[in-house]
Amino acid sequence: MQQDKVFQPVTLITETAPMSPAVHGGRAKCLQRLVRLAMPVPTTVALSFDAVRDIARGKMPDMAEIMGHFEPAPLLSVRPSSQDPDWGGPSAILNIGMNEERHRRMAQTMGEGPATAIYLRFIQSYAIHVARLDPEAFDLPDEPTAAALKAFLEAYEYETDELFPQDPSVQLTEVLRSMARAWDGTTARLLRQAKGAPADAGLGLVVQAMALGVGGKNSGSGVIQFVDDQTGEQRIKGRYLAQSQGREALSTPLGALYLVKDGRGPSVEESLPEVFEQLVEYGQLLRRRLREEMQIEFTLESGVLKVLDGVRVQRSNRAAVRIAVALAEDQIIPREEAILRVEPNAISELLHRQVDPSAERDVIVRGIAASPGAASGRLVFTANDAQASAARSEPCVLVRRETSPEDIRGMHAAKAVVTLRGGITSHAAVIGRGLGLPCVVGASELKIDRKRKLIVAPDGRVFKEGDLVTVDGTTGTVLAGETALIEASLDGAFQTLLTWADEFRDIGVRANADTPKDAQTASNFMAEGIGLCRTEHMFFEGDRLGVMREMIFADSSEDRRAVLDRLLPMQRADFKDLFEIMAGKPVCIRLFDPPLHEFLPADKTGIRELADQLALPLADVTMRVDALSEHNPMLGMRGVRLGLTYPEIYEMQARAIFEAAVEIHKNGATVVPEIMIPLVSAMREVELVKSRIDATANAVKAESGTDFDYRFGVMVETPRAALRAQDIAKYSAFLSFGTNDLTQMTYGLSRDDAGRFMSSYVHAGVYEEDPFHTLDQDGVGELLSMGAERGRKGNKDVVLSICGEHGGSRLAIEFCRHQGFDYVSCSPFRVPVARLTSAQLAIAEKLGL
């Protein structure tokens, strides 16, 4: 077993040498695998992480031992070997051992020009990367002449007051020391930590005999891979450059040969068919035996093929999915491994257009990446302007200080949204994710002038209404101008992977969907139902806002009922659409939640327009708006409190749900609607609302002559509801934990304002992560655990779920699995991510990973 192996600081790579990626790095271990596959790998020595750490501290290994593994007076290369190739490492150094004597002998065998070219390359690398000299003095000349070589040597001597080192052992010593210290430097440490490496990540080094691609006939170097790194499709890709070394074929396209036959120029397949055939065989062997798509770095030395390195092909997220699926379909890896190989966030990126990684990025401001994807459009500053822009078929970006429910129509019309305030669970963020709309929130360094309709960037640049910008919701940046984008990619491999994932996951995945359009998206992504339908969002569609405002200004219960009767058929049609789209899958409908003032204008212009619409005196409208305002509306008249104060609202919604269910039943389909009550804190609230909804259900049954079932439940969003879950569950078929409000109330934080200081808190270690972005398992999680346990005591068959914005995150899904929850619910565009994540967690648990 590996723990019984004794690893040496310096190891000659052979088939049986004790080696491990955790000790020597991934490159060293891969080279050993190539050796085991009988590939023509030049002699290679690996230095362990500990050996490199010692070098950085000044303790050198036995250089005679290292040199002893190679022929006398060798030419060598040194490459980094980190545990993860994505962590990077110092640049490779080639041609170590070049000196005056070696140059003279090589000039006699291969000619003055090629020998001088090799010597110049080495002096350049050594001067820049080892001696840390100014690169300008060592620009390679167009022609490798004796004069150029003399100039390089003199420049080195002038800059260092030393002759260029001639002893290969000294050269190798200094190269190893330089690379070890570069890895140990502050800048390199910060860079690799940003890529996910631990602070103490080790670096190995591999010392390899050079295979010269310069000099003889049919000499050169190249790189070949057998898959497209952007699409994942099987195709041979790469370059070969005669009289070159390392990866020059990729950086010097002029004169490079294509690998396969190509009408644009000569190819290796035509010029060197035997070499090409051998490379293809190696590629197939590596794919089959290493169970991965590999890139081969090779050299031809007078027609003899040498394999210098084999590395995992770097790939886009789109390619990663296709490669994993193809390897499983070819029975090279099991389906479980294919599922584990794909990062869930990679799936998320495939659902949306993204900024082209190669495009220039002129950043206006950075904020919080609230909803992934990218879109370009002209700046607008009001919802009305966004709608007008959409009517003209002009893409627009809506910029607001913060959004409210009144902005929903504008958000539907816009291609992207930016807000100055808010966090990951703010209104704009939640709606943006639900719509699949790129969104950046918390861009607090941006200044907005709504009257003049412009924004001022942190660097002082001014952008006016109509100016083109691009919103990158994946990275949380707003860019100047129209940036190149890559289209979303939902191909067959995407669908196949998620179908496999469904075979292994052990927790349900539903979607938060507020409109028929959202429901259709959820259905397309194979959600198992709707876990949260926020009905208040329906009231902002079309002319409904005006009717809603009439209801708010009604003076009596009878007047409110009269107005609500006009909303009833609209709501009924909404619910019928939802039921039809979900085709028998459960639909959980949360009754009206927000405070009424959210449906009223906040500015004087809007209030004047409202007075005109209602034909009421401006003073009366102003007075009513003021009367409905609250000091802390999120803890005021909302949710079940509103339903008990104005019972006709919930009764209208319940009737609309039941009448829609009846219509579905009459059409021969079956639906069991789920009705959920928000912001509950006491059992008596649940009793009262349930009795009224039961009465409405009985009335509809009697009127329609149709029997139907429905399920009644509670959205647990207050700490008291979690603590009293045993009592509440007696009247509830299900408890769905709304982690947005539960987090807000547990912490005493406003989710819309926390973004102002949250980064400082996280940086100072007050909170490990933003609790609105990552589920707080210690505090909020304890309330969830207590609520679940107590809920089961009150009702052993109670269905448990979470439906907050945490629902699609890995941490929350893992927590819910361990707590025995039945399902999670998240925004429609997070459903594929949740499906994949839950499968990965189940597989990892089964395999003991």
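## A tour from Glu159 to Gln83

Start by selecting Glu159: with a relative accessible area of 42%, this residue is partly exposed. The cut-offs explain the label, because buried means under 20% relative accessible area and exposed means over 50%. Keep in mind as you click around that you're looking at a predicted model.

Now colour helix 7, residues 146-160, and you'll find Glu159 sitting in it. Next, add Asp134, Glu136 and Asp139 to the selection. Together with Glu159 they gather in a patch of negative charge on the surface.

Time to move on to Gln83. Show strand 3 (76-82) and strand 4 (93-96), then look at the loop between them: that's where Gln83 is found. Is Gln83 buried, partly exposed or exposed? Its relative accessibility is 39%, so it counts as partly exposed.

What does Gln83 touch, once you ignore its neighbours within four places in sequence? Select Pro21, Ala22, Gly25, Gly26, Phe49 and Gly202, and you have its contacts. For a distance check, pick the C-alpha atoms of Gln83 and Thr425: they are separated by 36 Å, with the two positions 342 residues apart along the chain.

Finally, zoom out to the whole chain. Its C-alpha trace spans about 105 × 60 × 55 Å along the principal axes. Switch to cartoon and you can follow 34 helices and 30 strands. Of the 849 residues, 55% count as buried. Flip on the surface, and you're looking at about 36000 Å² of accessible area, 48% of which belongs to carbon and sulfur atoms. Last stop, the charges: the mean positions of the 95 positive and 117 negative ones lie 2 Å apart.

How values were computed:
Residues numbered from 1 in each chain as written. Predicted model: local features only at pLDDT ≥ 70, side-chain atom pairs only at ≥ 80, totals over all residues. Heavy atoms only, no water. Patch = residues over 30% accessible without salt bridge, like charges linked within 9 Å, V, L, I, M, F, W, Y side chains within 5 Å. Areas by Shrake-Rupley, 256 points an atom, 1.4 Å probe, with all protein chains shown as cover. Salt bridge = Lys/Arg side-chain N within 4 Å of Asp/Glu carboxyl O. Lys, Arg positive; Asp, Glu negative; His and termini not counted. Charge placed at Lys NZ, Arg CZ, Asp CG, Glu CD. Helix = DSSP H or I, 4+ residues; strand = E, 2+ residues; numbered from the N terminus. Buried < 20%, exposed > 50% of the residue type's maximum accessible area, 1.4 Å probe, protein only. Contact = heavy atoms within 4.5 Å.
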